[in-house]
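Student: I'd like a close look at one part of this structure, please. Could you walk me through a single helix and then show me how the rest is arranged around it?

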Amino acid sequence: MNWLEIIAVVFGVVAIWLASKGEVVNFGIGLVNCVLYGILFGREGLYSGMILQGIYFVINLYGLYSWRKPEVDTDKGLKIMWLTMKERVLVGVVIVATGVLWGMGVKWGAQLLPENIQEPQYPMIDAILTTASIVAQILLTRKKIDNWVIWVLVDVVYIGLFLMVGMYWTAGLYVVYTGIAVNAVREWNLMRN
């Protein structure tokens, strides 16, 4: 039994559940989760996922800041809103284009240093999921409901990926994440200003 993975799962569930409820403390708990999963993904050869944890760490710090500071034009802070259709198309293009480039970079980097880096597992899928996750996390910090829709899609694919690499506890975590994200779409839509 991998205790580090189980501890990371607990921190992950708590962080995402709190985010779905609009609680700013989710970002602090998420910081711990980033460190734990950075270690785990590095051990499994999921390098994009490992790098993603460092990016999440920075985004969580930003989330703490942005959810606490009032917006310039209002004292109420960020408002929960949907993206426009134009913004959704842009987000989709960014996710796919950046994901493909990232995946090619991971494959190239592994070929460049084969004695130092083990062969990456599923580099394109890992990279596209990584870029989608970054975008979703940024949208979360801006209180865009669409972040939860992206998370549902990402989580479902991650479940399969984690099952393929033998990270069963993490696959279970992503089943829980999917349920939380589905519920959050509904709850955030009701909380929308």
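**A close look at helix α2 and its surroundings**

Tutor: Let me begin with a residue outside the helix: lysine 143 is buried, because its relative accessible area is 16%, and the cut-off for buried is under 20%. Lysine 143 sits in the loop between α5 and α6. Its phi is positive, about 60 degrees, although the residue is not a glycine. Please keep in mind that this is a predicted model.

Now to the helix itself. The 19 residues of α2 should span 27 Å at 1.5 Å a residue, and the end C-alpha atoms are 26 Å apart, which agrees. Just after α2 comes glycine 45, and here too phi is positive, near 75 degrees.

Which residues of α2 are buried? They are Asn26, Phe27, Gly30, Leu31, Asn33, Cys34, Leu36, Tyr37, Gly38, Leu40 and Phe41. As you read those numbers, a general point about helices helps. An α-helix has 3.6 residues a turn, so residues three or four places apart point the same way. The cover over the buried residues of α2 includes α1, α3, α5, α6 and α7.

One of these neighbours, α3, gives us a good example. Asparagine 60 belongs to helix α3, which runs over residues 47–68. With a relative accessibility of 4%, asparagine 60 counts as buried. Leaving aside neighbours within four places in sequence, asparagine 60 is in contact with Phe27, Gly30, Leu31, Cys34 and Gln137. Phe27, Gly30, Leu31 and Cys34 are among the buried residues of α2 that we have just listed.

The surface also brings α2 and α3 together. Val35, Ile39, Phe57 and Leu61 form a nonpolar patch there, and their accessible area together is about 320 Å². The elements that give two or more residues to this patch are α2 (26–44) and α3. Take phenylalanine 57, which lies in helix α3. Phenylalanine 57 has a relative accessible area of 31%, so it is partly exposed.

Towards the inside, we meet the largest nonpolar core, which has 49 residues. The members that touch the most others are Tyr37, Trp148, Ile150, Tyr158, Phe162 and Met167. At least two core residues come from each of α1 (3–20), α2, α3, α4 (85–112), α5 (123–141), α6 (146–164) and α7 (168–191). The largest share, nine residues, is supplied by α6. Phenylalanine 162 shows what such packing looks like up close: not counting neighbours within four places in sequence, it is in contact with Phe41, Leu46, Met167, Thr170, Ala171 and Tyr174.

Let us return to α2 for one more residue, arginine 43, which has its place in this helix. Arginine 43 counts as partly exposed, at 48% relative accessibility. If we do not count residues up to four places away in sequence, arginine 43 touches Asn2 and Leu4. Valine 13 is 30 residues from arginine 43 along the chain, and the C-alpha atoms of the two are 21 Å apart.

Finally, let us look at the charged pairs elsewhere in the structure, which holds three salt bridges. In one of them, the side chains of glutamate 187 and lysine 21 meet at 2.9 Å, N to O. This pair links distant parts of the chain, 166 residues apart: glutamate 187 is in helix α7, while lysine 21 is in the loop between α1 and α2. Glutamate 187 counts as buried at 17% relative accessibility, whereas lysine 21 is partly exposed, with 30%.

Another salt bridge joins the side chains of aspartate 146 and arginine 88, at 2.7 Å, N to O. Because aspartate 146 lies in helix α6 and arginine 88 in helix α4, the pair ties together parts that are 58 residues apart in sequence. Here aspartate 146 counts as buried, at 6% relative accessibility, and arginine 88 is partly exposed, with a relative accessible area of 33%.

Glutamate 187 also forms a salt bridge with arginine 186, where the closest N and O atoms are 4.0 Å apart. Arginine 186 counts as partly exposed, at 47% relative accessibility. Through shared partners, salt bridges join Lys21, Arg186 and Glu187 into one network.

Conventions:
Residues numbered from 1 in each chain as written. Predicted model: local features only at pLDDT ≥ 70, side-chain atom pairs only at ≥ 80, totals over all residues. Heavy atoms only, no water. Helix = DSSP H or I, 4+ residues; strand = E, 2+ residues; numbered from the N terminus. Buried < 20%, exposed > 50% of the residue type's maximum accessible area, 1.4 Å probe, protein only. Contact = heavy atoms within 4.5 Å. Patch = residues over 30% accessible without salt bridge, like charges linked within 9 Å, V, L, I, M, F, W, Y side chains within 5 Å. Areas by Shrake-Rupley, 256 points an atom, 1.4 Å probe, with all protein chains shown as cover. Core = buried A, V, L, I, M, F, W, Y, C linked by side-chain atoms within 4.5 Å. Expected span 1.5 Å × (residues − 1).
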